[in-house]
Amino acid sequence: KDELFEVLGKINPTAKNCFWATWSFSETPISLREEFAPHLAPFNYQFIAYQDKFMEATNKPYFSNYVDKFKQLESSIVPFDFMVGQSFLIMHPKNV
């Protein structure tokens with residue numbers, strides 16, 4: 001975990017970069033997500049696909065609150081039309 005945080009710490013926040021997670025982040029225990037999330041600040045684009053509920057985790061409220069950690073980004077939560085209980089979280093710089 002420390003090695004991962006070290007690598008994430010080298011990301012240039014002025015470059016265009018994207019954190020992309022398709023269900024993996026929403027299937028991670030919330031305690032680990034909370035530890036990991038501050039290291040995602042350099043990513044100026046984020047795309048996270050998630051299911052509203054995974055095991056004991058209720059992801060819908062989690063990701064609604066997650067966006068508050070990244071006030072410099074505009075966010076949209078878009079439900080899948082073709083998969084009930086699944087959504088995309090799309091975050092990008094404001095005015096883009």
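Helices and strands here are DSSP runs, with helices of at least four residues and strands of at least two, numbered from the N terminus. On that basis M55 is found in the loop between β3 (53–54) and β4. The model is a predicted one.

**Whole chain**

Start with the protein chain coloured by secondary structure. There are three helices and six strands, and from the N terminus on they run α-β-α-β-β-β-α-β-β. The radius of gyration is 13 Å, close to the 12 Å that the globule rule gives for 96 residues, so the chain is as compact as a globular protein of that length. Along the principal axes, the C-alpha atoms fill a box of roughly 35 × 35 × 20 Å.

Switch to a surface view. The accessible surface of the chain is about 6000 Å², and 59% of this belongs to carbon and sulfur atoms. Of the 96 residues, 38% count as buried. If you draw the contacts with a separation of 6 or more, residues 24 or more positions apart account for 63% of them.

**Select M55, then T58**

Return to M55. Its phi is near 50°, a positive value in a residue other than glycine. Is M55 buried or exposed? M55 has a relative accessible area of 60% and is therefore exposed, since the cut-off for that class is over 50%.

Move on to T58, which is in strand β4 (residues 57–58). At 41% relative accessibility, T58 counts as partly exposed. Apart from residues up to four places away in sequence, T58 touches D52 and K53. For a distance check, pick the C-alpha atoms of T58 and S26: they are 9.2 Å apart in space, with the two positions 32 residues apart in sequence.

**Select W23**

W23 lies in the loop between β1 and α2 (30–36). Like M55, W23 is a residue other than glycine with a positive phi; for W23 the value is near 70°. With a relative accessible area of 26%, W23 is partly exposed.

**Select Y50**

Next is Y50, in strand β2. Y50 is buried, with a relative accessible area of 1%. Which residues are in contact with Y50, leaving aside its neighbours within four places in sequence? They are W23, S26, N59, K60, F63, I77, G85, Q86, S87, F88 and L89. For another C-alpha distance, take Y50 and I30: 20 residues apart in sequence, 13 Å apart in space.

**Add the aromatic rings**

Show the side chains of Phe, Tyr and Trp. A search of the whole structure finds 17 aromatic pairs. One of them, Y50 with F63, is stacked, at 4.5 Å centre to centre and 25° between the planes. This pair links distant parts of the chain: Y50 is in strand β2 (residues 45–51) and F63 in helix α3 (residues 59–66), 13 residues apart.

F63 is buried, with a relative accessible area of 0%. Why is the pair of F63 and Y66 edge-to-face? The ring centres are 5.7 Å apart and the planes are at 65°, and planes over 60 degrees apart count as edge-to-face. Both residues lie in helix α3, three residues apart, about one turn of the helix. Y66 is buried, as is F63.

Now select the wider group: ring pairs link F5, F19, F25, F36, F43, Y50, Y62, F63, Y66 and F70 into a cluster. Within that cluster, centre on Y62. R33 lies over the face of Y62, at 4.6 Å from the ring centre.

**Finish in the nonpolar core**

Keep F63 selected and expand to its contacts. Leaving aside neighbours within four places in sequence, F63 is in contact with F25, S26, R33, I48, Y50, I77 and L89. S26, I77 and L89 are also among the contacts of Y50.

The last selection is the largest nonpolar core, which has 19 residues. Those with the most contacts inside this core are F19, F25, L40, I48, F63, Y66 and L89. The elements that give two or more residues to the core are α1 (2–8), β1 (18–22), β2, α3 and β6 (86–93). Which element gives the largest share? That is α3, with three residues. In soluble globular proteins, nonpolar side chains tend to be buried together.

Note on methods:
Residues are numbered from 1 along each chain as its sequence is written. This is a predicted model: local features need pLDDT of at least 70, side-chain atom pairs count only at pLDDT 80 or more; totals for chains, interfaces and linings use all residues. Side-chain values use heavy atoms; hydrogens and water are left out. Buried means under 20% relative accessible area, exposed over 50%, partly exposed in between (1.4 Å probe, protein chains only). Contact means heavy atoms within 4.5 Å. Rings of Phe, Tyr and Trp (its six-membered ring) pair if their centres lie within 6.5 Å; planes under 30 degrees apart count as stacked, over 60 as edge-to-face and the rest as tilted. A charge sits over a ring if NZ of Lys or CZ of Arg is within 6 Å of the ring centre and within 35 degrees of the ring normal. A nonpolar core is a set of buried Ala, Val, Leu, Ile, Met, Phe, Trp, Tyr and Cys residues joined through side-chain atoms within 4.5 Å. The radius of gyration is taken over C-alpha atoms; the globule rule is 2.2 Å times the number of residues to the power 0.38. Accessible areas come from the Shrake-Rupley method with a 1.4 Å probe; for residues, only the protein chains shown count as cover.
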